[in-house]
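Here is a short briefing for a first look at this structure. Keep the sequence and the 3D view side by side as you read.

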Amino acid sequence: MRGSPPGPPRDGVEERFVAAARRLAPPVRGVALVVISVFGLLAVPGAALPLGFALCGLVLVGAAVDFWVGFTGRGSALSLVFAVLRVTAVCVTQEWTGGPLNPWALNMLTTTAITLQWEWRPAVAVPVTAGLFVVDVSAVGVDVLGDLLPRLVFECLLARLGFTLLRRSGGRVDESRERRSALVRAEALASARHRQEREYLALLHDTAATTFLLVAAQAKAMGPERIAEYARHDLAVLTGTAGGAAAKDSAVDLAASLRAAVRHGRVSVDVRAEGAALVPASVALAFVRAVREALVNVERYAGVDIAVLALCCERGSGGRVVVEVTDHGVGFRPEDVASSRRGIRGSVVERVVGVGGNAIVTSRPGAGTTVRLVWPGE
């Protein structure tokens, strides 16, 4: 619009500044020319008062057009036509309204020229300003060149410079915001990729690594068919065909899921849960895998074959859920577990944290172990 070159994307600081400047310039010009005309009319000789009132009427009509353009954003060409008409009329008649270098005509010309620099690109503003200057010189003679030309050129250059600097400042703000947005997107992508990597490492620990350990320790007792069954199950989990993070996140009964998950393990589990606990499928999956890993640790390290699984939840769907796996085995010191061991940190803690919950492992030698999983709800 208004001959402006292609600008930055919409809603940017630079774009909003340019739009605001071009909508405010006509009303500002209209108000300024009305004020100038009121004072100009006071200096008009009595014999030329009818002409002065006619010129003021034209200025008022032009101001009304300027305000209409400013508030609607339409009719910019009409505003330009009235800007030219007002200055031309006052300049041509200044011989009768106050003589050469009449302040009324001079101020009308310079004010209009300044506002054009904010409203139109140079390809339009410069020819129009030059045309108005020629009209004024033609009306009063070339004797005014030494006074009028330097003032007009200086004021127009200053207005254009101010507009350009503010526009470029807005462009730099837009560039800075875009760089920050790109950094935020990159960080979010890296964080998501890192979470996926941790989840995959946890899956590897829960599936293939556990199977390899069982094979190494009990290869003769398990037999080929049992090993093949474990391998098929691990492959289904790792490839996603057994369900995973991509599964539909609808509400499922966590209590029923936990009962099914602990039914066939080597550890005898006393499940203490009343009623249904409806949680999103991703939350249920994270809790089931964390509980299975906790029970695997009981089987391997606790020295007992009995554990207690307690589930406590608020009523309704999406309420706070607390799951505890407790054994009375040999216990250990959690702070002594190496950071490279992923059983507790990767398969239990990070898995629950990944769905918005938290996990706390409490244990000490000779006092058993309690794994507390909490999901705060939706």
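The buried residues of α2 pack against four helices: α1 (13–42), α3 (76–92), α4 (94–97) and α5 (103–119). The model is predicted. The points below start with α2, move to two helix pairs, and end with the whole chain.

**Helix α2**

- Helix α2 covers residues 49–72, which makes 24 residues.
- At 1.5 Å a residue, α2 should span 34 Å. Its end C-alpha atoms lie 35 Å apart, so the expected and modelled spans agree.
- Which residues of α2 are buried? They are Gly-52, Leu-55, Cys-56, Val-59, Gly-62, Ala-63, Val-65, Asp-66, Val-69 and Gly-70.
- An α-helix has 3.6 residues a turn, so residues three or four places apart point the same way.
- Gly-73 comes just after α2 and takes a positive phi of about 75°.

**Helices α3 and α6**

- Helix α6 runs over residues 122–140. Its axis and that of α3 come within 9 Å and cross at roughly 15°.
- Angles under 35 degrees count as roughly parallel, and α3 and α6 are therefore roughly parallel to each other.
- The crossing of this pair, α3 and α6, is right-handed.
- On the α3 side, the contact is made by Leu-80, Val-84, Val-87, Thr-88, Cys-91 and Val-92.
- On the α6 side, Val-124, Val-128, Leu-132, Val-135, Asp-136 and Ala-139 take part.
- By class, the contact of α3 with α6 holds 10 nonpolar residues, 1 polar and 1 charged.

**Helices α1 and α3**

- How far apart are the axes of α1 and α3? They are 11 Å apart, and the two helices pack at an angle of about 25°.
- That angle makes α1 roughly parallel to α3.
- The crossing of α1 and α3 is left-handed.
- From α1, the contact uses Pro-26, Arg-29, Gly-30 and Leu-33. From α3, it uses Ser-79, Ala-83 and Arg-86.
- The residues of the contact of α1 with α3 divide into 3 nonpolar, 2 polar and 2 charged.

**The whole chain**

- The chain has 10 helices and 7 strands.
- It has 378 residues, and 40% of them count as buried.
- Among contacts in the chain with a separation of 6 or more, 73% come from residues 24 or more positions apart.

Technical notes:
Residues numbered from 1 in each chain as written. Predicted model: local features only at pLDDT ≥ 70, side-chain atom pairs only at ≥ 80, totals over all residues. Heavy atoms only, no water. Expected span 1.5 Å × (residues − 1). Buried < 20%, exposed > 50% of the residue type's maximum accessible area, 1.4 Å probe, protein only. Contact = heavy atoms within 4.5 Å. Axes fitted to C-alpha atoms, helices over the stretch in contact; angles between N-to-C directions. Parallel < 35°, antiparallel > 145°, perpendicular 65-115°, else oblique. Left-handed = near helix turned anticlockwise from the far one by under 90°. Nonpolar A, V, L, I, M, F, W, Y, C, P; charged D, E, K, R; others polar.
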